[in-house]
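User: Could you take a close look at one part of this model for me, the place where protein and DNA meet? I'd like the contacts spelled out atom by atom.

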Amino acid sequence: MGPTEREAGAATPARERGTGTAGAGSAPAAPAAPLRLAAEGRELRVTHPDRLLWRDPPVTKRAYLAYLARVAPLMLPWLRGRPLVVTRYPGGVEAPGFYQKETPAGRPAWVRTVTLTGRRPVRYVVCDDLPTLLWLGSQAVVEFHPWNAPVEHPHRPDWAVIDLDPQPPLGLREALELALDLRPLLAGLGLPAFPKLSGGRGLHLFLPLEPRYDEREVQRFVRSLGELALRRWPGRVTLERAVARRGARIYVDFLQNGPGRTMVAVFSPRPRPGAPVSFPLAWEEVGRLAAEIPTDSHRYTLLTVPSLLEAGAGRAWTGFWQARSPLPLPPGHGRQEPGGAQRGGGSPSCPT
DNA sequence: GGGAATT
DNA sequence: AATTCCCAACGCGGC
DNA sequence: GCCGCG
């Protein structure tokens with residue numbers, strides 16, 4: 001989804017919805033005063049606290065900040081120490097939004113940034129703490145896309161991502177089923193995988209990695225995993241870039257592992273109707289959900305900003321950071337081997 | 001959402 | 001003073 | 001070459 005998308009026919013800009021204003025004859029609806037917030041000794045100004053970021057279900061900026069504060073303990077570990085790319089929707093998620101890499105101007109002095117030079121130098125936000133998270137929320141940041149690598153070694157990702165994107169009429173159910181079949185295959189390669197709901201139709205598998213490979217190597221490896229899955233389940237899996245050629249299969253998007261590419265963080269909301277959230281699952285839940293969700297449920301929404309605000313954040317993956325794995329690279333994979341053109345592009349060996 | 005550039 | 005602009009990016013494959 | 005794609 002591009003951040004500039006908008007819901008068909010919903011051009012109405014988000015408007016201030018009076019906060020009740022029990023106003024018996026009181027002053028004419030005062031333009032909502034900026035809210036003052038303090039967190040961990042940092043002070044924050046929040047304009048338009050009652051603006052609706054999502055209309056259905058209704059989520060005001062104020063409620064959104066409460067959500068972020070609530071999930072912060074579980075969310076921050078996935079943002080901390082990484083360059084952050086965000087999408088922002090200052091007019092609400094039904095109005096156009098935009099990607100932002102460069103740190104928004106006017107940041108408080110205590111917001112950490114890091115400048116990385118690719119084609120051009122970019123000063124990224126590094127969201128290490130609650131005040132920074134809330135400041136981003138106050139800036140109408142809706143999606144959090146941390147780099148796959150930490151600032152200390154930005155070109156040595158410490159996780160790989162397998163993005164399972166079911167093409168309608170397939171839906172979450174089918175993505176969960178594929179993940180369940182992928183799991184033993186990955187385990188056979190010594191790769192524990194951690195699943196999360198994308199917040200859209202699909203599922204993301206995170207594979208904790210020893211940070212010794214560059215983005216290209218990781219991307220090549222995940223592509224070869226996709227090819228393996230494609231050979232094994234040709235009717236269920238596709239690696240096609242062109243939507244028209246994907247058919248009713250699960251698109252395995254390995255390109256998300258490339259240089260400078262990002263994946264939406266755990267607990268990041270999505271700028272879609274329903275205020276869905278990308279949510280970490282335990283494998284038992286993957287199995288349970290696969291059994292519960294109706295087939296072809298390509299619109300299934302499980303967890304939302306309001307539901308998590310109400311019920312609490314749940315839990316995180318356990319053991320992720322202890323599981324960092326080496327990639328089972330065949331000899332020569334990813335290394336310039338003088339004259340040693342190996343066949344097959346380095347597919348992982350597969351216990352068939 | 002807000003700073004900068006443009007009218 | 002008011003309005004508009006700007007906020008990523010890049011390679012790959014199909015045509 | 002341009003477009004769509006993520």
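Analyst: Here's a walk through the contacts, one strand at a time. This is a predicted model, in which local features need pLDDT of at least 70, side-chain atom pairs count only at pLDDT 80 or more, and totals for chains, interfaces and linings use all residues. Residues are numbered from 1 along each chain as its sequence is written, chains are lettered from A and ligands numbered from 1 in the order in which they are written, and side-chain values use heavy atoms, with hydrogens and water left out.

Let's start with DNA strand D. Arg241, Val243, Arg246, Asp253, Gln256 and Arg261 surround it (a residue is near a strand if one of its heavy atoms lies within 4 Å of it). Of the strand D atoms that come within 4 Å of the protein, 64% are sugar and phosphate. By class, that's four charged residues, one polar and one nonpolar (Asp, Glu, Lys and Arg count as charged; Ala, Val, Leu, Ile, Met, Phe, Trp, Tyr, Cys and Pro as nonpolar; the others, Gly among them, as polar).

Now the atom pairs on strand D. Arg246 puts a polar side-chain atom 2.8 Å from a phosphate oxygen, while a side-chain N or O atom of Asp253 sits 2.5 Å from a sugar or linking oxygen. Arg261 goes for a base instead, with a polar side-chain atom 3.4 Å from a base nitrogen.

On to DNA strand C, which has Phe98, Tyr99, Gln100, Lys101, Glu102, Arg119 and Arg241 around it. Here 42% of the strand atoms within 4 Å of the protein belong to sugar or phosphate, and the rest to bases. Polar backbone atoms of Lys101 and Glu102 lie 3.1 Å and 3.3 Å from a phosphate oxygen, respectively. Arg241 has a side-chain N or O atom 2.9 Å from a base oxygen of strand C.

Methods: Polar contact = N/O pair within 3.5 Å; in protein donor to acceptor, adjacent residues only side chain to side chain.
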